[in-house]
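Subject: Handover of a structure

Dear colleague,

Please find below the structure that I am passing on to you. My notes on it follow directly after.

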Amino acid sequence: MSNKLVDLTGQRFGRLVVLKREKNHVYPGGQQHVMWLVRCDCGVEFIVRGVSLKNGFTKSCGCLREEVARRKAKAGIRGGKANAES
Ligand SMILES: [Zn+2]
């Protein structure tokens, strides 16, 4: 039972700043995930798994993805919407 816990409080991951640790998320199988309360630069607070932060999977509340999509749309890069004539 030696759970090495890295304290992420105050650390920044992309647009997210870690505010505090939350209760571990326990799966029915007994597996545990360390959860953290984070705040996005846009002001949204939510709880995320520590591993998602550390492996770079979660970098915003979702607003970052939206913004990138919008930027791509502006630049004319549209997936699967070419030649939509009707
Ligand atoms: Zn956000």
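From the N terminus on, the elements of the protein follow the sequence β-β-β-β-β-β-α-α, that is, 6 strands and 2 helices. Please bear in mind throughout that this is a predicted model.

**The sheet**

Four of the strands form an open sheet in the order S1-S2-S5-S6, and the pairing is antiparallel. Strands S1 (12–13) and S6 (45–49) each have a single partner strand, so they stand at the edges and one side of each is left without a neighbour in the sheet.

I take the pairs in the order of the sheet. S1 is joined to strand S2 (residues 16–21) by 2 bridges, and the two run antiparallel. Arg12 has Val17 as its bridge partner in S2, while Phe13 has Leu16. The hairpin of S1 and S2 has 2 residues between the strands, and Gly14 there takes a positive phi near 65°.

S2 is in turn joined to strand S5 (residues 35–40) by 5 bridges, again in an antiparallel arrangement. Val17 appears here too, standing opposite Arg39 in S5. Val17 is thus the bridge partner of Arg12 and also stands opposite Arg39.

The antiparallel pair of S5 and S6 is likewise held by 5 bridges, and within this pair Met35 stands opposite Arg49 in S6. The hairpin of S5 and S6 has 4 residues between the strands, and in this hairpin Gly43 has a positive phi near 105°.

**Burial and the nonpolar core**

Of the 86 residues of the protein, 10% count as buried. The largest nonpolar core consists of 6 residues, namely Leu8, Phe13, Leu16, Trp36, Val38 and Leu53. Two of its members, Phe13 and Leu16, are the bridge partners already mentioned for S1 and S2.

Val38, also a member of this core, has contacts beyond its neighbours within four places in sequence: Leu16, Val17, Val18, Leu19, Glu45, Phe46 and Val48. As regards contacts in the protein between residues at least 6 apart in sequence, 27% join residues at least 24 apart.

**Two residues considered individually**

Is Glu45, in strand S6, buried or exposed? Glu45 counts as exposed, because it has 12 C-beta neighbours inside 10 Å, and a residue with 12 or fewer is classed in this way. Setting aside residues up to four places away in sequence, Glu45 touches Leu37, Val38 and Arg39. Glu45 and Val18 are 27 residues apart in sequence, and their C-alpha atoms are 9.6 Å apart in space.

Lys54 has its place in helix H1 (residues 50–54). With 14 other C-beta atoms within 10 Å, Lys54 is partly exposed; this class covers the counts between the limit for exposed residues, 12 or fewer, and that for buried ones, 20 or more. Although Lys54 and Phe13 are 41 residues apart in sequence, the distance between them in space is 8.0 Å, C-alpha to C-alpha. Phe13 belongs to the largest nonpolar core, as does Leu53.

With kind regards

How values were computed
Residues are numbered from 1 along each chain as its sequence is written. This is a predicted model: local features need pLDDT of at least 70, side-chain atom pairs count only at pLDDT 80 or more; totals for chains, interfaces and linings use all residues. Two strands pair if DSSP finds at least two bridges between them. Two residues are in contact if their C-beta atoms, placed from the backbone, lie within 7 Å. A nonpolar core is a set of buried Ala, Val, Leu, Ile, Met, Phe, Trp, Tyr and Cys residues joined through C-beta atoms within 7 Å.
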